[in-house]
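Trainee: I would like to take a close look at a single part of this model, together with whatever it packs against. Could you walk me through it slowly, in one connected answer?

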Amino acid sequence: MTNPSTAFSSVSLPEVWPLSARWFLALGAISACTSVVFSAAFAHLPVFAGGVPTTVQTALSQQQFHALGLLFTGLALRVCGASRWLQAAGWLMVLGLVLFSFNLYARQVLGWDVLRALVPWGGAAWILAWLVLAMGLAHGSGKINRQA
(Lines give C-alpha, C1' and ligand atoms only; values in the text may rest on other atoms or scores of the structure.)
Protein backbone atom coordinates (compact mmCIF):
# COMPACT_ATOMS: atom_id res chain seq x y z
CA MET A 1 0.00 0.00 0.00
CA THR A 2 1.37 3.40 -0.91
CA ASN A 3 1.56 6.26 1.49
CA PRO A 4 -0.75 9.10 0.33
CA SER A 5 1.94 11.69 0.95
CA THR A 6 4.39 9.88 -1.35
CA ALA A 7 1.75 9.45 -4.06
CA PHE A 8 1.30 13.22 -4.26
CA SER A 9 5.02 13.91 -4.21
CA SER A 10 5.44 12.00 -7.48
CA VAL A 11 2.86 14.16 -9.24
CA SER A 12 4.49 17.12 -10.94
CA LEU A 13 2.75 20.46 -11.11
CA PRO A 14 1.59 21.51 -14.58
CA GLU A 15 3.85 23.83 -16.50
CA VAL A 16 2.71 27.43 -16.76
CA TRP A 17 1.18 28.08 -20.15
CA PRO A 18 2.52 30.99 -22.21
CA LEU A 19 0.57 34.17 -21.54
CA SER A 20 -0.28 34.53 -25.23
CA ALA A 21 -1.76 31.03 -25.26
CA ARG A 22 -3.96 31.87 -22.28
CA TRP A 23 -5.05 35.15 -23.91
CA PHE A 24 -6.09 33.50 -27.18
CA LEU A 25 -7.85 30.66 -25.37
CA ALA A 26 -9.77 33.17 -23.26
CA LEU A 27 -10.58 35.41 -26.24
CA GLY A 28 -11.71 32.39 -28.25
CA ALA A 29 -14.02 31.25 -25.45
CA ILE A 30 -15.40 34.78 -24.99
CA SER A 31 -15.94 35.11 -28.74
CA ALA A 32 -17.77 31.78 -28.88
CA CYS A 33 -19.91 32.85 -25.92
CA THR A 34 -20.80 36.23 -27.42
CA SER A 35 -21.67 34.62 -30.76
CA VAL A 36 -24.27 32.49 -28.99
CA VAL A 37 -25.56 35.49 -27.02
CA PHE A 38 -25.75 37.60 -30.19
CA SER A 39 -27.45 34.80 -32.11
CA ALA A 40 -30.15 34.48 -29.45
CA ALA A 41 -30.54 38.25 -29.06
CA PHE A 42 -30.76 38.87 -32.80
CA ALA A 43 -33.54 36.31 -33.08
CA HIS A 44 -35.63 38.45 -30.70
CA LEU A 45 -34.68 42.04 -31.56
CA PRO A 46 -37.49 44.10 -33.05
CA VAL A 47 -35.10 45.42 -35.72
CA PHE A 48 -34.92 41.84 -37.07
CA ALA A 49 -38.66 41.09 -36.86
CA GLY A 50 -38.66 40.24 -40.57
CA GLY A 51 -35.73 37.86 -40.15
CA VAL A 52 -32.03 38.13 -39.44
CA PRO A 53 -30.26 39.59 -42.51
CA THR A 54 -27.78 37.46 -44.40
CA THR A 55 -24.95 39.84 -43.49
CA VAL A 56 -25.59 39.28 -39.78
CA GLN A 57 -25.84 35.52 -40.26
CA THR A 58 -22.52 35.61 -42.09
CA ALA A 59 -20.96 37.69 -39.32
CA LEU A 60 -22.21 35.20 -36.72
CA SER A 61 -20.94 32.14 -38.56
CA GLN A 62 -17.57 33.77 -39.18
CA GLN A 63 -17.33 34.80 -35.53
CA GLN A 64 -18.06 31.23 -34.44
CA PHE A 65 -15.53 29.77 -36.86
CA HIS A 66 -12.80 32.20 -35.85
CA ALA A 67 -13.55 31.67 -32.16
CA LEU A 68 -12.49 28.08 -32.82
CA GLY A 69 -9.47 29.43 -34.69
CA LEU A 70 -8.48 31.44 -31.62
CA LEU A 71 -8.85 28.37 -29.42
CA PHE A 72 -6.70 26.38 -31.84
CA THR A 73 -4.10 29.15 -31.91
CA GLY A 74 -3.95 29.17 -28.12
CA LEU A 75 -3.42 25.42 -28.07
CA ALA A 76 -0.80 25.67 -30.81
CA LEU A 77 1.09 28.23 -28.73
CA ARG A 78 1.02 25.78 -25.82
CA VAL A 79 2.19 22.81 -27.87
CA CYS A 80 4.65 24.54 -30.20
CA GLY A 81 5.85 27.26 -27.87
CA ALA A 82 5.32 30.97 -28.14
CA SER A 83 6.33 32.17 -31.58
CA ARG A 84 5.82 35.46 -33.34
CA TRP A 85 4.04 33.68 -36.20
CA LEU A 86 1.44 32.10 -33.94
CA GLN A 87 0.95 35.28 -31.93
CA ALA A 88 0.49 37.30 -35.11
CA ALA A 89 -2.09 34.77 -36.31
CA GLY A 90 -4.06 35.14 -33.09
CA TRP A 91 -4.04 38.92 -33.13
CA LEU A 92 -5.05 38.95 -36.80
CA MET A 93 -8.04 36.76 -35.90
CA VAL A 94 -9.00 39.20 -33.14
CA LEU A 95 -8.62 42.11 -35.59
CA GLY A 96 -10.84 40.30 -38.07
CA LEU A 97 -13.52 39.83 -35.41
CA VAL A 98 -13.57 43.53 -34.68
CA LEU A 99 -13.36 44.78 -38.27
CA PHE A 100 -15.70 42.22 -39.80
CA SER A 101 -18.20 40.70 -37.38
CA PHE A 102 -18.55 43.46 -34.79
CA ASN A 103 -18.56 46.08 -37.54
CA LEU A 104 -21.45 44.32 -39.28
CA TYR A 105 -23.35 43.95 -35.99
CA ALA A 106 -22.96 47.67 -35.28
CA ARG A 107 -24.13 48.49 -38.77
CA GLN A 108 -27.25 46.31 -38.66
CA VAL A 109 -28.30 46.74 -35.03
CA LEU A 110 -27.22 50.29 -34.22
CA GLY A 111 -27.31 51.78 -37.70
CA TRP A 112 -23.66 52.76 -37.23
CA ASP A 113 -22.20 52.87 -40.72
CA VAL A 114 -19.06 54.95 -40.09
CA LEU A 115 -16.55 52.12 -40.47
CA ARG A 116 -18.26 50.23 -43.28
CA ALA A 117 -15.16 50.40 -45.48
CA LEU A 118 -13.21 48.37 -42.90
CA VAL A 119 -15.32 45.21 -43.28
CA PRO A 120 -13.22 43.84 -46.18
CA TRP A 121 -10.09 44.51 -44.12
CA GLY A 122 -11.51 42.25 -41.44
CA GLY A 123 -11.89 39.48 -44.00
CA ALA A 124 -8.37 40.13 -45.23
CA ALA A 125 -7.09 39.93 -41.64
CA TRP A 126 -8.69 36.50 -41.28
CA ILE A 127 -7.21 35.25 -44.55
CA LEU A 128 -3.80 36.48 -43.48
CA ALA A 129 -4.29 34.98 -39.99
CA TRP A 130 -4.77 31.49 -41.43
CA LEU A 131 -1.75 31.87 -43.71
CA VAL A 132 0.41 33.15 -40.87
CA LEU A 133 -0.84 30.31 -38.65
CA ALA A 134 0.18 27.80 -41.32
CA MET A 135 3.59 29.44 -41.60
CA GLY A 136 4.02 29.36 -37.84
CA LEU A 137 3.10 25.69 -37.63
CA ALA A 138 5.29 24.74 -40.60
CA HIS A 139 8.22 27.00 -39.74
CA GLY A 140 8.53 25.95 -36.14
CA SER A 141 11.28 28.44 -35.35
CA GLY A 142 11.12 32.02 -34.24
CA LYS A 143 10.41 30.95 -30.70
CA ILE A 144 10.42 33.63 -28.11
CA ASN A 145 10.26 33.56 -24.33
CA ARG A 146 7.77 30.88 -23.17
CA GLN A 147 6.05 33.45 -20.94
CA ALA A 148 5.26 35.73 -23.89
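Mentor: What follows is a careful walk along helix 2 and through its surroundings.

Before anything else, please keep in mind that this is a predicted model. The chain has 5 helices and 0 strands, and from the N terminus on its elements run α-α-α-α-α. Of the 148 residues in the chain, 34% are buried. Among the contacts in the chain with a separation of 6 or more, 79% join residues that are 24 or more positions apart.

Helix 2 itself covers residues 19-44, and with its 26 residues it reaches 38 Å from the first C-alpha to the last, close to the 38 Å expected at 1.5 Å a residue. Which residues of helix 2 are buried? They are Ser-20, Ala-21, Phe-24, Gly-28, Ser-31, Ser-35 and Phe-42. To read such a list, it helps to recall that an α-helix has 3.6 residues a turn, so residues three or four places apart point the same way. The buried residues of helix 2 pack against helix 3 and helix 4, and we can take these two partners in turn.

Two packed helices are described by the angle between their axes and the distance between the axes. For helix 2 and helix 3, the axes come within 7 Å and cross at roughly 160°. Because an angle over 145 degrees counts as roughly antiparallel, helix 2 is roughly antiparallel to helix 3. By class, the contact of helix 2 with helix 3 has 15 nonpolar, 10 polar and 1 charged residues, and the crossing is left-handed.

With helix 4, the axes of helix 2 come within 11 Å and cross at roughly 20°. The two helices are therefore roughly parallel to each other, and here too the crossing is a left-handed one. The contact of helix 2 with helix 4 has 11 nonpolar and 5 polar residues, and no charged residues. On the side of helix 2, the residues that take part are Ser-20, Phe-24, Leu-27, Ser-31, Thr-34, Phe-38 and Phe-42, and among those they meet in helix 4 are Leu-86, Gly-90, Trp-91, Phe-102 and Val-109.

One of these partners, Gly-90, deserves a pause of its own. Gly-90 is found in helix 4, and because its relative accessibility is 0%, Gly-90 counts as buried. Leaving aside neighbours within four places in sequence, Gly-90 is in contact with Phe-24, Leu-70 and Thr-73, and Phe-24 is one of the buried residues of helix 2 that we listed above. Gly-90 and His-66 are 24 residues apart in sequence, while their C-alpha atoms are 9.6 Å apart in space.

Now let us follow the chain past the end of helix 2. Val-52 lies in the loop between helix 2 and helix 3. Is Val-52 buried, partly exposed or exposed? Its relative accessibility is 24%, and therefore Val-52 counts as partly exposed. Not counting residues up to four places away in sequence, Val-52 touches Phe-42, Ala-43 and Gln-57. Val-52 and Phe-42 are 10 residues apart in sequence, and 6.8 Å separates them in space, C-alpha to C-alpha. Phe-42 thus appears in several parts of our picture, since it is among the buried residues of helix 2, takes part in the meeting with helix 4, and is touched by Val-52.

Finally, we can look at what lies on helix 4 besides helix 2. Helix 4 and helix 5 pack at an angle of about 160°, with their axes 7 Å apart, and they are therefore roughly antiparallel to each other. Their contact has, by class, 22 nonpolar, 7 polar and 1 charged residues. The 21 residues of helix 5 should span 30 Å at 1.5 Å a residue, and the end C-alpha atoms are indeed 30 Å apart. Buried residues of helix 5 include Val-119, Trp-126 and Leu-133, and what covers the buried residues of this helix includes helix 3 and helix 4. Arg-107, in helix 4, counts as buried because its relative accessibility is 17%, and among the residues that Arg-107 touches is Val-119.

Notes
Residues numbered from 1 in each chain as written. Predicted model: local features only at pLDDT ≥ 70, side-chain atom pairs only at ≥ 80, totals over all residues. Heavy atoms only, no water. Helix = DSSP H or I, 4+ residues; strand = E, 2+ residues; numbered from the N terminus. Buried < 20%, exposed > 50% of the residue type's maximum accessible area, 1.4 Å probe, protein only. Contact = heavy atoms within 4.5 Å. Expected span 1.5 Å × (residues − 1). Axes fitted to C-alpha atoms, helices over the stretch in contact; angles between N-to-C directions. Parallel < 35°, antiparallel > 145°, perpendicular 65-115°, else oblique. Left-handed = near helix turned anticlockwise from the far one by under 90°. Nonpolar A, V, L, I, M, F, W, Y, C, P; charged D, E, K, R; others polar.
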